[in-house]
Amino acid sequence: MRLRFSFLLLALALPQLGATDCGGITRDPGFDLWCGDELCAWKTVRGEIRRAPTWHEKDAGVELLGPDAAIAQLTPVTSYDATCIRFDLVANVEESAEVMVGIDVFGDGQIEREERIPTATWKPVSFKVPIEGPYSGIRFEIAKRGTGRAVIAQVEVVTAPDECVGLEPAPNHPAPLGSSCNSDDDCASNMCRRTYAPGSWFGMAMLCVGCDPLASACGVNEVCGVDDAFSPVQFPATTCIPAGSRELGEQCGKGVECASGVCNNSICSTCSSNVACANGERCGGAWEADYAPFVCSPGQGVRASGEPCGANADCASGRCNGAVRKQCSDGRPCSSPAQCPSDGVENGACEEVGIQGGSCQ
């Protein structure tokens with residue numbers, strides 16, 4: 001039998017992920033926030049949408065267009081926040097349209113349960129669904145099939161303590177890498193270990209891993225190390241990676257993962273408290289960020305051509321060649337805020353911090 005999540009352990013492990021807005025799970029439940037022709041907080045995953053009037057001329061909703069259209073939102077809710085959730089909906093759904101609310105636990109693309117929004121003209125609908133734990137993150141999908149018209153005015157999803165007694169829980173499946181866990185049975189990998197978890201208390205948590213950091217059984221020229229997170233609602237994945245494959249500025253658990261051989265502050269670096277710089281140079285952060293590589297004489301322009309660098313100012317030439325590094329506040333790489341963990345209200349910032357894998361010109 002699947003174990004329910006220990007609330008104490010999850011509280012310690014997931015302060016960045018267990019988050020709701022005063023019990024509200026979804027953002028913009030009334031579809032008020034539009035970025036041009038698209039919703040800001042919801043992603044169009046199939047078909048097309050448009051802003052449409054509802055029962056009140058000043059209260060617009062979203063119309064799902066065509067025979068197959070869907071919008072979705074990935075939320076950071078965890079089993080610490082809720083083991084029962086309630087949906088409050090208002091919609092105009094014609095008889096020739098089928099509208100479903102899908103529940104995708106972990107946000108991995110596998111919808112565990114669907115609930116149909118009944119044919120109605122702006123009639124409020126409410127239903128409750130218990131969710132078995134442990135889980136971290138749920139993606140909610142609203143999908144329309146058929147030729148009929150469907151306009152959604154509101155889909156509010158909230159935590160509902162003690163309201164699901166006697167109801168059949170939504171099925172769950174073992175958690176992906178980087179998800180919180182209590183035991184091996186919770187994980188698809190069948191391994192739950194205490195490992196690297198940036199942003200959590202002490203930077204460690206019980207997570208599903210692909211290899212045991214203390215007893216690695218990886219292949220030849222591989223190490224049990226840190227890979228990028230599966231999604232914003234999971235921590236970085238601990239799994240087998242090629243030895244020395246992580247560049248300067250990437251996340252790491254130990255030095256053998258890094259091309260430089262040095263992991264400092266959980267970031268691949270060129271120096272640390274144990275690896276001193278030559279000629280008495282100072283070892284310091286290359287970027288103005290909480291998670292930054294440590295390099296010798298940062299910003300002093302003393303690195304010669306071909307030497308590693310984290311910023312242009314490190315190099316005598318004033319040019320550090322490499323990929324621009326953008327990352328979230330917990331150090332994970334990103335290209336947009338949608339890839340950063342959310343506090344339940346909005347995603348964190350995705351900021352340019354420096355150069356990854358840099359080499360002076």
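**View 1. Welcome to the second largest pocket, which is lined by 24 residues in this predicted model.** Look for Thr 195, Tyr 196, Met 204, Pro 213 and Gly 253, the lining residues that lie nearest the centre of this pocket. The space here comes to about 340 Å³. Three strands, β12 (192-196), β14 (222-227) and β16 (262-264), each supply at least two residues of the lining. Of the elements in the lining, β12 gives the most, with four residues. If you sort the lining of the second largest pocket by class, you will find 11 nonpolar, eight polar and five charged residues.

**View 2. Here is the largest pocket, with about 470 Å³ of space.** Its lining is made up of 21 residues. To find the middle, start from Arg 27, Lys 43, Gln 73, Leu 74 and Ala 338, which lie nearest the centre of the largest pocket. Two elements, β3 (43-53) and β4 (60-78), give two or more residues to this lining. The strand that gives the most is β4, with five residues. The lining of the largest pocket divides into 14 nonpolar, four polar and three charged residues.

**View 3. This close-up shows the largest cavity, which holds about 30 Å³ of space.** A search of the whole structure finds one cavity of 30 Å³ or more. Around the largest cavity you can pick out Leu 89, Val 90, Ala 91, Ile 117, Pro 118, Ala 120, Lys 123 and Val 125. Strand β5 (residues 84-93) gives the most to this lining, with three residues. By class, the lining of the largest cavity has seven nonpolar residues, one charged residue and no polar ones.

**View 4. Now follow strand β5 and the strands that pair with it, among them β9 (residues 125-130).** Nine of the 10 residues of β5 are buried, so this strand is largely enclosed by the rest of the structure. With β9, strand β5 pairs in the antiparallel sense over six bridges. One place to look is Ile 85, whose bridge partner in β9 is Val 129. Strand β11 (residues 150-159) also pairs with β5 in the antiparallel sense, over nine bridges. Here the bridge partner of Phe 87 is Val 157 in β11. Strand β8 (residues 120-121) is another antiparallel partner of β5, joined over two bridges. In that pairing, Val 93 stands opposite Ala 120 in β8.

**View 5. This view takes you to the largest nonpolar core, a set of 43 residues.** The members that touch the most other members are Phe 31, Ile 71, Ile 85, Phe 87, Ile 131, Ile 142 and Ile 152. Two or more residues of this core come from each of β4, β5, β6 (97-105), β9, β10 (136-146) and β11. Phe 31 makes a good starting point for a tour. Leaving aside its neighbours within four places in sequence, Phe 31 is in contact with Leu 39, Trp 42, Ala 60, Gly 61, Val 62, Ile 71, Ile 142, Ile 152, Ala 153, Gln 154 and Val 155. Apart from the largest core lies another core, of six residues, among them Leu 248, Ala 286, Trp 287 and Val 295.

**View 6. Three strands form an open sheet here, in the order β20-β22-β21.** The pairing in this sheet is antiparallel. At the edges are β20 (308-309) and β21 (320-327), each of which pairs on one side only. Seven bridges join β21 to strand β22 (residues 351-360). To see how β21 and β22 line up, find Gln 327, which stands opposite Glu 351 in β22.

**View 7. The last stop is Cys 350, in the loop between β21 and β22.** Is Cys 350 buried or exposed? Its relative accessibility is 15%, and the cut-off for buried is under 20%, so Cys 350 counts as buried. Leaving aside its neighbours within four places in sequence, Cys 350 is in contact with Lys 326, Gln 327, Cys 334, Ser 335, Ser 336, Pro 337 and Cys 340. Although Cys 350 and Pro 337 are 13 residues apart in sequence, their C-alpha atoms are 4.9 Å apart in space.

Methods:
Residues numbered from 1 in each chain as written. Predicted model: local features only at pLDDT ≥ 70, side-chain atom pairs only at ≥ 80, totals over all residues. Heavy atoms only, no water. 1 Å grid on protein atoms, 1.4 Å probe; cavity = no way out; pocket = protein on both sides within 12 Å on 5 of 7 lines; lining within 4 Å. Points joined across faces, edges and corners; volume = space filled by probe spheres on them. Nonpolar A, V, L, I, M, F, W, Y, C, P; charged D, E, K, R; others polar. Buried < 20%, exposed > 50% of the residue type's maximum accessible area, 1.4 Å probe, protein only. Pairing = 2+ DSSP bridges. Core = buried A, V, L, I, M, F, W, Y, C linked by side-chain atoms within 4.5 Å. Contact = heavy atoms within 4.5 Å.
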